[in-house]
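The following explanation leads the reader through one protein structure, from its overall layout to selected residues. The sequence and coordinates are shown first.

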Amino acid sequence: MKQGGSFLQNLLENSVVQFLKKPQAIARILAGLFSLIIFASLMTDGYENLTASSQLRCVLNDNGAACSYAIVAGVLAFLQSFLFLSLDAFDIVRISHRVKSTILILDVIFSIIWSCVWFVAFSFLANQWNKSIHRYLLGSSSARTSISFAFFSIPCWVYLGYRALKELWAEPPVPYQRSFDEGAVALTTLSSVTTTSIPISGEHYSPTEVPPTDSPHNPKTPPTHRLSFSNDN
């Protein structure tokens, strides 16, 4: 009993188990599993044939676009959810601040996109199922399953977007580094200002001294000519 208890304690304290217990990791796993259920159910029993024909038809109102949309969306969402799950696992090993900010921004963008995709999928699949004329024996359960898990996928991706946005706000701003071109422009401007402020003649005067009148900094002013009027009377 003691050995079994110590094994369970060591298992719970494992870093992998601690990572999988995080709410964000659980939401990603659920989003991936829901996507897997959607495209797997439609790929297995989503196409059936009528008794009078051997042609396979989509069980959702015989609309092949509905089945194709759900299958493609499910495959892509499944791959992306586990891709970002692996990126979250790399966060345990310290990655650079700039890379983490980029991953969080992409996570927010894709979470918003997938929330909209699954909302459209739920509405589209439910509409086509209600309009279906033929009821297939095996395809009915697949259609209901895909519609249900398309609806369950929406809150998962909304929550993932909320978590990513919250972490992005908590991240400190990326430090600004002056580029080489900006430094060159600042140096050129400073040198031009310094050059114009240096006297040309190289003469220096104290603040109390007045430069001579014939100095190039104080050129001699030409004499003014005044008109005088004589009184003849």
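**Overall layout**

Read from the N terminus, the protein chain runs through its elements in the order α-α-α-β-β-α-α-α-α. The coordinates under discussion are those of a predicted model. In total, the chain contains 7 helices and 2 strands.

Two global quantities describe how the chain is covered. Of its 233 residues, 27% count as buried. The accessible surface comes to about 16,200 Å², and carbon and sulfur atoms contribute 66% of that area. The contact pattern adds a view along the sequence: among contacts with a separation of 6 or more, 73% join residues that are 24 or more positions apart.

Two helix pairs that share α6 may now be considered. Helix α3 spans residues 23-45 and helix α6 spans residues 139-170; their axes come within 8 Å and cross at roughly 155 degrees. An angle over 145 degrees counts as roughly antiparallel, and α3 and α6 are therefore roughly antiparallel to each other. The handedness of the α3 and α6 crossing is left-handed. Sorted by class, the residues in the contact of α3 with α6 comprise 15 nonpolar, 7 polar and 4 charged.

The second pair joins α6 to helix α5, which covers residues 97-130. The axes of α5 and α6 come within 8 Å, with a crossing angle of roughly 155 degrees. By the cut-off of 145 degrees, α5 and α6 are therefore also roughly antiparallel to each other. The crossing of α5 and α6 is left-handed. In the contact of α5 with α6, the residues divide into 21 nonpolar, 7 polar and 3 charged.

A residue of α6 illustrates contacts between parts of the chain that are separated in sequence. E167 is found in helix α6. How many residues separate E167 and L104 in sequence, and how far apart are they in space? The separation is 63 residues along the sequence, while the C-alpha to C-alpha distance is 7.5 Å. Once neighbours within four places in sequence are set aside, E167 is in contact with Q24 and L104. Is E167 buried, partly exposed or exposed? Its relative accessibility is 25%, and because buried means under 20% and exposed means over 50%, E167 counts as partly exposed.

Q24 appears again in the surroundings of D88, a residue of helix α4, which spans residues 64-90. Apart from residues up to four places away in sequence, D88 touches F19, Q24 and R28. The relative accessible area of D88 is 17%; because this value falls under the 20% cut-off, D88 is buried. Q24 is thus a contact of D88 and also of E167.

The loop between β2 and α4 remains to be examined, where β2 comprises residues 57-58. N61 is found in this loop, and D62 is placed there as well. Which sign does phi take at N61? Phi of N61 is positive, near 60 degrees, in a residue other than glycine. D62 likewise has a positive phi, of about 55 degrees, although D62 is not a glycine. In terms of accessibility, N61 has a relative accessible area of 26% and is partly exposed. The corresponding value for D62 is 30%, and D62 is partly exposed.

Note on methods:
Residues numbered from 1 in each chain as written. Predicted model: local features only at pLDDT ≥ 70, side-chain atom pairs only at ≥ 80, totals over all residues. Heavy atoms only, no water. Helix = DSSP H or I, 4+ residues; strand = E, 2+ residues; numbered from the N terminus. Buried < 20%, exposed > 50% of the residue type's maximum accessible area, 1.4 Å probe, protein only. Contact = heavy atoms within 4.5 Å. Areas by Shrake-Rupley, 256 points an atom, 1.4 Å probe, with all protein chains shown as cover. Axes fitted to C-alpha atoms, helices over the stretch in contact; angles between N-to-C directions. Parallel < 35°, antiparallel > 145°, perpendicular 65-115°, else oblique. Left-handed = near helix turned anticlockwise from the far one by under 90°. Nonpolar A, V, L, I, M, F, W, Y, C, P; charged D, E, K, R; others polar.
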